[in-house]
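Morning, everyone. I'd like to walk through the packing and the empty space in this one. Structure is coming up now.

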Amino acid sequence: MPTTALLTDHYELTMLRAALKAGTASRRSVFELFPRRLPPGRRYGVVAGVGRALRALSHFRFDDESCQFLRDRAIVDQETADWLADYRFGGQIWGYPEGEIYFPGSPLVIVEGSFAEGVLLETVLLSIYNHDSAIASAASRMTAMAGDRPCIEMGSRRTQELAAVAAARAAYIAGFSATSNLEAGRRYQVPTTGTAAHSFTLLHSSERDAFAAQIDALGEDTTLLVDTFDVFEAVRTGVELTNGRLGAVRLDSGDLALLAKQVRELLDSLGATRTRIIVTSDLDEWNIASLAGAPVDGYGVGTALVTGSGHPTSGFVYKLVARAESSEPDAPLVSVAKKSSQKISIGGRKFALRRLDAAGVARMELIGVGAPPPGDHNDRPLLVQLVRDGEIVGSETLEASRQRHFRTRAELPMEALKMSRGEPVIETRFLEPGGVEAVNPFADSEVKGTP
């Protein structure tokens with residue numbers, strides 16, 4: 001993998017240059033990546049991109065070519081270039097693990113180190129987390145609506161080529177069963193699937209010839225695309241060619257609920273009772289919910305998924321929340337915060353718990369500012385260490401992230417799965433040391449929750 005160090009903004013390097021010159025670059029600092037709000041109407045969000053961010057960090061090196069580029073354009077001076085050439089992140093990173101649920105104000109990533117170390121990671125962390133969490137959040141809503149019916153990710157042609165790979169990974173974490181993207185299969189071991197498009201049917205002299213060729217190559221369990229011409233004639237042909245053992249048919253246009261009902265009746269009348277019906281065609285979570293009563297066995301989702309179903313970014317920000325009073329190693333930390341209207345942040349190192357009731361249902365996001373909040377036996381810690389003294393310690397399998405998402409989504413109140421617009425399904429509370437409740441600037445309106 002090539003260096004990821006230049007996947008950043010120009011001003012990260014100019015800030016570094018100025019801090020080195022001012023003698024403040026080595027001050028111990030705490031940065032926080034967090035959401036001020038959820039997309040309008042959403043009731044929860046999903047953390048994704050952790051594994052990709054850790055991989056990017058492991059390759060965050062300013063090689064000779066990178067340093068020369070920065071020097072040639074006078075972005076950095078020689079002193080800064082020399083510092084960058086030796087850069088290795090040596091601090092601590094804590095964060096919500098992948099697949100976890102988040103809410104407004106959740107401290108998703110906490111970066112502790114020198115100012116110089118932490119400021120350089122801002123853009124690369126934001127770009128990964130903002131994209132992947134937007135996809136996972138949309139995917140979670142889709143798989144929740146699909147229930148036990150599988151969802152297949154097939155949006156590669158609707159987004160940038162590398163974004164498509166990341167989207168397939170994020171969707172799998174949030175419950176999608178497979179992807180059409182082969183690079184996602186190679187790079188992340190996401191299961192892949194696919195059969196044929198309309199062009200394959202049109203290549204042949206007849207639909208029967210096309211189906212026969214596909215069945216001969218891929219077997220009777222294949223999925224035939226049956227809406228190139230006449231849907232019902234195509235279904236009859238597919239059933240006849242497989243003696244009723246056809247794996248599945250795919251519907252990609254028309255009134256999917258009505259067509260699925262009619263096709264199911266036809267399949268059953270022909271004795272193909274085990275032939276599945278897969279539907280595609282610009283599906284989103286609302287379409288999937290509307291098809292809950294239809295005889296559908298699976299969904300293929302493209303454009304809506306890879307664009308976050310209308311919210312292609314999560315709106316995360318990365319802010320300095322604490323810094324040392326001086327560059328001395330034991331200098332005390334002081335809280336710092338942005339006070340701009342509509343862009344406020346809360347100063348201080350954060351500690352996060354998810355408060356559950358006696359039935360194991362999530363009731364609150366509890367954030368301690370400067371010290372861990374007082375907990376009880378039902379509280380679940382949310383932050384795990386991802387990097388210790390510069391060494392990555394938080395790597396895990398994609399399957400572990402996927403199973404975490406299923407568990408944490410199951411903790412949410414039932415209202416979380418409503419498709420109607422609503423507020424975050426649980427509230428976020430901030431506590432100062434000693435358990436004193438702090439004002440929550442991210443609470444746009446009151447939400448239900450109990451301590």
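Let's begin with the largest nonpolar core. It has 60 residues. F62, L121 and Y129 have the most contacts inside it. Keep in mind that this is a predicted model.

Take L121 from that list. What does L121 touch, leaving out residues up to four places away in sequence? The partners are L57, F60, Y87, F89, I93, V111 and Y318. Apart from this core lies another one, of 56 residues. F103, F176, A294 and A304 are among its members.

Now cavities. How many of 30 Å³ or more turn up in a search of the whole structure? Three. The largest has a volume of about 80 Å³. Its lining is V50, A53, L54, L57, I93, V109, L121, L125, Y129 and L386. You'll recognise L121 and Y129 from the core. L57 and I93 are back too, as contacts of L121.

Which elements give two or more residues to that lining? Two helices do: α2, at 50–58, and α6, at 122–146. The most comes from α2, with four residues. By class, the lining of this cavity is 10 nonpolar, with no polar and no charged residues.

On to the pockets. The largest one holds about 860 Å³ of space. It is lined by 30 residues. Nearest its centre are M154, S180, R250, T280 and G300. Here the elements giving two or more residues are strands: β8 at 223–225, β10 at 276–279 and β11 at 298–301. β11 gives the most, with four. What is the class make-up of this lining? It divides into 10 nonpolar, 13 polar and seven charged residues.

The second largest pocket comes in at about 570 Å³. There, 22 residues form the lining. M1, L7, R52, L162 and R187 are the closest to the centre. Four helices supply at least two lining residues each: α2, α6, α7 at 161–173 and α8 at 182–188. α6 gives the most, with six. By class, that lining has 11 nonpolar, seven polar and four charged residues.

One link before I stop. α2 and α6 each give two or more residues to the largest cavity. Both helices also supply the lining of the second largest pocket. In the cavity, α2 gives the most. In that pocket, α6 does.

That's my part. Over to you.

Notes:
Residues are numbered from 1 along each chain as its sequence is written. This is a predicted model: local features need pLDDT of at least 70, side-chain atom pairs count only at pLDDT 80 or more; totals for chains, interfaces and linings use all residues. Side-chain values use heavy atoms; hydrogens and water are left out. A nonpolar core is a set of buried Ala, Val, Leu, Ile, Met, Phe, Trp, Tyr and Cys residues joined through side-chain atoms within 4.5 Å. Buried means under 20% relative accessible area, exposed over 50%, partly exposed in between (1.4 Å probe, protein chains only). Contact means heavy atoms within 4.5 Å. On a 1 Å grid over the protein atoms alone, a cavity is a set of points where a 1.4 Å probe fits but cannot get out, and a pocket is an open set with protein on both sides within 12 Å along at least five of seven lines; lining residues have an atom within 4 Å of a point. Grid points are joined across faces, edges and corners, and a volume is the space filled by probe spheres set on the points. Ala, Val, Leu, Ile, Met, Phe, Trp, Tyr, Cys and Pro count as nonpolar, Asp, Glu, Lys and Arg as charged, and the others, Gly among them, as polar.
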